[in-house]
Amino acid sequence: MAETGGAESSANFIKKHWEGWRGFYADRFAFLENYTRFIHRDKPLPSWSQADVDEFIASDAIHGPTLKTTRGAVQVSVAGSAIGAVTTGAFAWKYSKSPHGALLALGAGAVFGWTFSHEIANHWFQLYRLDTMAAQTKFMEWWEKKTEGR
């Protein structure tokens, strides 16, 4: 009988602990709620092209320039990721001649390159002053209206 009570108490503790952390992370990732209506759709939104993005940028005087700046920062991040992947992968291959080590270095270099170049782009384009999420959400709303013919 004592063992059952201990197991229930332990399970109850874990459940309470999990609920606490779940609430903590729900508060921290509440910004994801902005995208749920676009992600959890019965029929997914069709793909868009660069011309569609340019049309939105030209049509929206408030969020268009923000989206354009954000896309420029992503291009910098992609370039940084490629540079980081190639340099660390080549360095690892040059000194170790280990294929698995070079592949791991290639992946790690891509992640590190993306991270560092994203931070540089964030400051270079001053993204911290812009509401990039609102611009992305407005683009998704605009694309939804355009594709559904509203």
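Guide: Helices here are DSSP runs of H or I with at least four residues, strands are runs of E with at least two, and both are numbered from the N terminus. This is a predicted model, where local features need pLDDT of at least 70 and side-chain atom pairs count only at pLDDT 80 or more, while totals for chains, interfaces and linings use all residues. Residues are numbered from 1 along each chain as its sequence is written, and side-chain values use heavy atoms, with hydrogens and water left out.

Visitor: Which helix holds asparagine 122, then?

Guide: Start with the fold: the chain has 6 helices and 0 strands, so to speak a run of α-α-α-α-α-α along the sequence. Asparagine 122 lies in helix α5.

Visitor: Is asparagine 122 buried or exposed?

Guide: Buried means under 20% relative accessible area, exposed over 50%, and partly exposed in between (1.4 Å probe, protein chains only). At a relative accessible area of 18%, asparagine 122 counts as buried.

Visitor: Which residues does asparagine 122 touch, leaving aside those up to four places away in sequence?

Guide: A contact means heavy atoms within 4.5 Å. Asparagine 122 also sits 9.7 Å from valine 76, C-alpha to C-alpha, with the two positions 46 residues apart in sequence. The residues that asparagine 122 touches are Leu127 and Tyr128.

Visitor: Which element of the chain has the highest mean pLDDT?

Guide: pLDDT is the predictor's confidence in each residue, from 0 to 100. The chain averages 87, and 93% of the residues score at least 70. Helix α1 (residues 2-28) has the lowest mean, 71, while the highest, 96, belongs to helix α5.

Visitor: What radius of gyration does the chain have?

Guide: The radius is taken over C-alpha atoms, and the globule rule is 2.2 Å times the number of residues to the power 0.38. For a compact globule of 150 residues that lands near 15 Å. The C-alpha atoms of this chain fill a box of roughly 70 × 55 × 30 Å along the principal axes, and the chain's radius of gyration is 23 Å.

Visitor: What should α6 span at 1.5 Å a residue?

Guide: The expected span is 1.5 Å times one less than the number of residues. α6 has 16 residues, and the distance between its end C-alpha atoms agrees with the expected span of 22 Å.

Visitor: Which elements are included in what covers the buried residues of α6?

Guide: The buried residues of α6 include Ala135, Phe139, Met140, Trp142 and Trp143. Their cover includes α2, α3 and α4.

Visitor: How many aromatic pairs does the structure hold?

Guide: Rings of Phe, Tyr and Trp (its six-membered ring) pair if their centres lie within 6.5 Å; planes under 30 degrees apart count as stacked, over 60 as edge-to-face and the rest as tilted. By that rule, the number of aromatic pairs in the structure is 7.

Visitor: What kind of pair do tryptophan 48 and phenylalanine 139 make?

Guide: Their ring centres are 5.1 Å apart and their planes stand at 80°, so the pair is edge-to-face. Tryptophan 48 is in the loop between α2 and α3 and phenylalanine 139 is in α6, so the pair ties together parts 91 residues apart in sequence. Tryptophan 48 is partly exposed at 36% relative accessibility, whereas phenylalanine 139 is buried at 4%. The kind of pair is edge-to-face.

Visitor: And what kind is the pair of tryptophan 142 and tryptophan 143?

Guide: Both tryptophan 142 and tryptophan 143 are buried, and they join Trp48, Phe56 and Phe139 in one aromatic cluster. Their ring centres lie 6.3 Å apart with planes at 35°, so the pair is tilted.
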